[in-house]
Amino acid sequence: MPPTDPPRMLEVKSMEESAYKIKLFNPLAEYKRYEGEIASSVAKTLQSGRYILGEQVALFEEELARYLGVEHVVAVASGTDALTLSLAACGVGPGDEVVTSPFTFIATASAILRLGAVPVFADISLDDFNLDPASVEGCLGERTRAILPVHLFGCPAPMREILEVAERHDLVVVEDAAQALGAEIMGQRVGNLGTAAAFSFYPTKVLGGYGDGGAVSTNHAEVAKVARMLRNHGAAERNLYLTLGYNSRLDELQAAALRVKLKHVEEMIEERRAIAAAYDRVIAGGPVEATRQPQGARHVYSLYTVMCEKRDSLKDFLGAAGVECGVYYPRPLYRNALFEKAPFRKGDCSRAETACGEVLSLPLYPALTESEVAYVREKLLDWIKALERGREPIAESRQAGGPR
Ligand SMILES: Cc1ncc(COP(=O)(O)O)c(C=O)c1O
């Protein structure tokens, strides 16, 4: 076979992307809404002359802790680091097993591996794509130290049942709340329920920054103290290093922007929920299934993900109409080449396998306009109706699609 030509491949990809009239994510549109406030906060921070661990990070930690209702927040350089530091601060180390979901972003498992620990993959529920507590219990072993539930797509995991399993077996629970800032269950915001939790401020997240960023939240002073030390080279104070740490500090500039976004996060979440409800209404009872969130939970829809047996047909049809969709996630984590060498264990993950073949995420972000939402709904309905008439829907030409 001739070698692949990378520059040409890149060119084709960018042409395809520009054909979408409605993007899956649009961090720029979100930025534009708060541009004045963000620019002024960032400019003031630039003028302050303090760019690392200054006032902005300290204030952001206080404000985020208040928003989440937790005692401590430690701002770090990414959601991946927030997971690694949370697990480490909770005592997870080499040889320990951590039970988690195989249907998530790779960072959930790589944070475990990074500490020399071993991910153990349990199955998910197809109602909400989150860990199934019974499967978690079936996967426990002698070396199990922690459970790492992921609040996937912004839908809180069944924490009551997971905490009960943890209690019965004396395990630590660390929440992967990277996608779920503002989500609620058991009357509390996520980030409050486990021993520690990790958040991500990747630009497309519910609270998106303008680069990488993350945070550890906890109600345990000792966990916060260790996470704080680990993010800054293991230093207890200046020039006093107690342990091997990381350089994982959130920048002042990111904190300055995130403080502005945090003030508006509730309005952005309500917009996400309203768009999700509009999509729910159009697909109710048809061949496309929406997430069934747990009773009393608040889903924040960092992604609006449906299940559909004819997923690829739906994706092609919407794509040709100018609506960008995404597959999160196309394979369970253990099917990545990484795990040909990396250690892991798994239970029966057949529901995770099914999800990988059938999920599709539709455009959803706060700055999506009413006419764009109406257009996506219309195209969804066109596809559903064609299918119901017994005709496989045909994707139109790319050029035709999109609202004005
Ligand atoms: C479920 C989950 N966990 C962890 C992460 C890692 O966050 P970051 O990209 O900020 O390192 C992400 C981010 O994409 C995520 O979606």
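How far is an oxygen atom of the ligand from a polar backbone atom of glycine 79? The distance is 2.8 Å. The model is predicted, and every value below is computed from it.

**The ligand and its surroundings**

Fifteen residues surround the ligand; in the count of 15, the nearest are Gly79, Thr80, Asp176, Ser200 and Lys205. The table gives three polar pairs, each made by an oxygen atom of the ligand.

| Residue | Atom on the protein side | Distance to a ligand oxygen atom |
|---|---|---|
| Glycine 79 | polar backbone atom | 2.8 Å |
| Threonine 80 | polar side-chain atom | 2.5 Å |
| Glutamine 179 | N or O atom in the side chain | 2.8 Å |

The ligand, taken alone, exposes 390 Å², and the protein buries 93% of that area. The ligand takes up the space of the largest pocket. Two elements each give two or more residues to the shell around the ligand: helix H5, residues 79-89, and helix H6, residues 106-114. Of the elements, H5 gives the most, with three residues. Sorted by class, the shell holds eight polar, five nonpolar and two charged residues.

**The sheet of eight strands**

An open sheet is built from eight strands in the order E1-E9-E8-E5-E4-E2-E3-E14, and its pairing is mixed. Its edge strands are E1 (72-76) and E14 (345-346), and each of these pairs on one side only. At one edge, E1 pairs with strand E9, residues 214-218, in the antiparallel sense over five bridges. Within this pair, valine 73 stands opposite serine 217 in E9.

**The sheet of three strands**

Another open sheet has three strands, in the order E12-E13-E15, with antiparallel pairing. The edge strands here are E12 (288-289) and E15 (359-362), each pairing on one side only. E12 is joined by two bridges to strand E13, residues 304-308, and these two strands run antiparallel. Opposite valine 288 stands cysteine 308, which belongs to E13.

**Two backbone features in loops**

Most residues other than glycine have a negative phi, and most peptide bonds are trans. Two places in this model depart from that pattern.

Which sign does phi have at phenylalanine 129? Phi is positive there, about 65°, although the residue is not a glycine. Phenylalanine 129 lies in the loop that runs between strand E3 (118-121) and helix H7 (133-138). E3 is also one of the strands in the sheet of eight.

Is the peptide bond from tyrosine 328 to tyrosine 329 cis or trans? The bond is cis, with omega near 20°. Tyrosine 329 is found in the loop between helix H11, residues 311-320, and helix H12, residues 338-341.

Definitions and conventions: Residues are numbered from 1 along each chain as its sequence is written. This is a predicted model: local features need pLDDT of at least 70, side-chain atom pairs count only at pLDDT 80 or more; totals for chains, interfaces and linings use all residues. Side-chain values use heavy atoms; hydrogens and water are left out. A residue is near a molecule or strand if one of its heavy atoms lies within 4 Å of it. A polar contact is a pair of N or O atoms within 3.5 Å; within protein, one must be able to donate a hydrogen and the other to accept it, and residues adjacent in sequence count only if both atoms are side-chain atoms. Accessible areas come from the Shrake-Rupley method with a 1.4 Å probe; for residues, only the protein chains shown count as cover. On a 1 Å grid over the protein atoms alone, a cavity is a set of points where a 1.4 Å probe fits but cannot get out, and a pocket is an open set with protein on both sides within 12 Å along at least five of seven lines; lining residues have an atom within 4 Å of a point. A molecule sits in a cavity or pocket if more than half of its atoms lie within 2 Å of its grid points. Helices (H or I, at least four residues) and strands (E, at least two) are DSSP runs, numbered from the N terminus. Ala, Val, Leu, Ile, Met, Phe, Trp, Tyr, Cys and Pro count as nonpolar, Asp, Glu, Lys and Arg as charged, and the others, Gly among them, as polar. Two strands pair if DSSP finds at least two bridges between them.
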